[in-house]
Amino acid sequence: MVKEIERAGIPVIHVTNLTKISEGIGSHRILRGNSVLHVFGNPSLPAEQEVKFRKGLVEEALKMLTEAPEEGQHALIHE
Amino acid sequence: MAEKIRVIHYINQFYAGMGGEDTASVGISVKEEPVGPGLLLKGLLGDNYEIVATIICGDNHIAENTEEVCGEFLEIVKKYNGQLFVAGPGFNAGRYGLGCGAATAAVTEKLKLPAVTGLYSENPGTDLYKDRAYILQTENNAAKMRKAMKEIAAFAKRLAEGEFIGDGKKEGFHGSGPAIDIDYTMPASVRGVNMLLDKFYHRNFRTEVMMPNHEDIPLPVLDKPLSKIRLAFVTDGGLVPKGNPDNMVPTNSKYFKNYSFGEAERLDAADYEVSHQGYNNAFVLQDPNRLVPVDAAVALKKEGRIGDVLTSYYTTAGVMTPMDVGKKFGEGIAKGLLDNQVDAAILTST
């Protein structure tokens, strides 16, 4: 799905814990989520801090949208 | 009688009888006997082989810490003086397949021991490791365990006994198998000519060049600053409105859907459920923003950090969904995003 969205010319961040799989299929921008079970969550934090944590992760994803993989690299990956 | 060949077998928490998704995060444990499908393997390997250890590891644990977990596997194989390593088979199970491929590649490359697993062609672990390990072709369905294990056992015995192994097409493994050791003391020109002669005389030869098999799509770039973009969310984590109005299936999806959350500033747990049988949904059910982070995006919009957030999200369940179906979903979603003047997307995968 990532690749078809990219093919349409829309920058997309794939947020997942299985970053190797995403890299394997050829995604360009990959961000490791917090867990397979809660990609954008961190249940160990109190509710308020979890919202902050999530906002931080979304901000990181947004920043990656403005960036490109390094020269010679296929994907920009934040683990 | 000669000493038995010492076999190490790796399986996941499900095959070890520890549970399904609820226990998928358990760490490594070792049993000094065959467990689950290992009993079948033991019978098929026969009397000259002994499963001295079964490594059991939760699928989430190995998928999230692949390198580290494989390192621990190697220590276990060494500790038990393993002489043959068998993983799975993992059929079409994504995280387990990743574990089977990674572990088999690690044992092959680091310990130089005979190692084999079996996976379905579309298992993500297959593409990642088929050129680094022997991954036999299996069906996508664990009901074929007996057939798959029979082939794995036969192949494992040939490996352990040092028999000649032909190419993947002939032998029934994916890709090109373990990477070949290239003798760099011999100039490339000589290696090339030798390979050509082998081909000419119909002798077996293996290429040194691995071709990537994914299609390269140009890198899309934003044409406006973040503060002007409209952002949208896509997920394959199966988040659907309460009551699952479109009967979205939890596996082998046939379609994706686009659901509106309107002017909501966050997704309310009371309004959603999950139709996805491939992970423990408890954390997402508790707070759907953990999968589709609407709360964070709306807050960022209010702060002017991004221009707009599409008030609906795209969803499907990415379990056991074939690659070509996923591609079709992607095409449909991309069209929807363009129709909605979306500039960028965040896609979450569980």
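Is B:Asn252 exposed, partly exposed or buried, and how many other C-beta atoms lie within 10 Å? I began with this residue because its backbone had caught my eye: phi of B:Asn252 is near 50°, a positive value in a residue other than glycine. I counted 14 other C-beta atoms within 10 Å, so B:Asn252 is partly exposed. I found B:Asn252 in the loop between strand E8 (239–241) and strand E9 (257–260) of chain B. I note here that the model is predicted.

**Entry: another positive phi**

I looked up B:Lys112 next, where phi is near 55°, again positive in a residue other than glycine. B:Lys112 sits in the loop that runs between H4 and strand E5 (115–119) of chain B. I found 10 C-beta neighbours inside 10 Å, so I put B:Lys112 down as exposed.

**Entry: chain B overall**

I listed eleven helices and twelve strands for chain B. Of the 350 residues in chain B, 46% are buried. I also checked contacts in chain B with a separation of 6 or more, and 74% of them join residues 24 or more positions apart.

**Entry: strand E1 of chain B**

I turned to strand E1 (residues 5–12) of chain B, which is mostly covered, with six of its eight residues buried. I followed E1(B) to strand E3 (residues 49–57) of chain B, and the two pair in the parallel sense over eight bridges. Within E3(B), B:Tyr49 is the residue opposite B:Ile5. E1(B) also pairs with strand E4 (residues 84–91) of chain B, in the parallel sense and over four bridges. There I found B:Tyr10 opposite B:Ala87 of E4(B).

Which peptide bond is cis, with omega near 10°? I traced the bond to the step from B:Gly88 to B:Pro89. B:Pro89 belongs to strand E4 of chain B.

**Entry: where the chains meet**

I looked at the contact between the chains and found 42 residues of chain A and 51 residues of chain B in it. On the side of chain B that touches chain A, at least two residues each come from helix H2 (59–64), helix H5 (124–129), helix H9 (282–286), helix H10 (294–302), helix H11 (323–339) and strand E12 (344–348). H11(B) gives the largest share of that side, nine residues. I sorted the residues on this side of chain B into 31 nonpolar, ten polar and ten charged.

I then checked the strands at the contact. Strand E1 (residues 12–16) of chain A pairs with E12(B) in the parallel sense, over four bridges. I noted A:Ile13 with its bridge partner B:Ile346 in E12(B).

**Entry: the core**

In soluble globular proteins, nonpolar side chains tend to be buried together. I looked for the largest nonpolar core and found one of 116 residues. The residues with the most contacts inside this core are A:Ile5, A:Ala61 and B:Ala345. Helix H4 (residues 94–111) of chain B supplies the largest share of the core, eight residues. I found at least three core residues from domain 1 (5–181) of chain B, and at least three from domain 2 (226–348) of chain B.

Which residues does A:Ile5 touch, not counting residues up to four places away in sequence? In chain A, I listed A:Ile10 and A:Val12. From chain B, I listed B:Gly330, B:Ile333, B:Ala334, B:Leu337 and B:Ala345.

Conventions: Residues are numbered from 1 along each chain as its sequence is written. Chains are lettered from A and ligands numbered from 1 in the order in which they are written. This is a predicted model: local features need pLDDT of at least 70, side-chain atom pairs count only at pLDDT 80 or more; totals for chains, interfaces and linings use all residues. Two residues are in contact if their C-beta atoms, placed from the backbone, lie within 7 Å. Ala, Val, Leu, Ile, Met, Phe, Trp, Tyr, Cys and Pro count as nonpolar, Asp, Glu, Lys and Arg as charged, and the others, Gly among them, as polar. Two strands pair if DSSP finds at least two bridges between them. A residue is buried if 20 or more other C-beta atoms lie within 10 Å of its own, exposed if 12 or fewer, and partly exposed in between; C-beta atoms are placed from the backbone. A nonpolar core is a set of buried Ala, Val, Leu, Ile, Met, Phe, Trp, Tyr and Cys residues joined through C-beta atoms within 7 Å. Domain bounds come from an automatic or database domain assignment.
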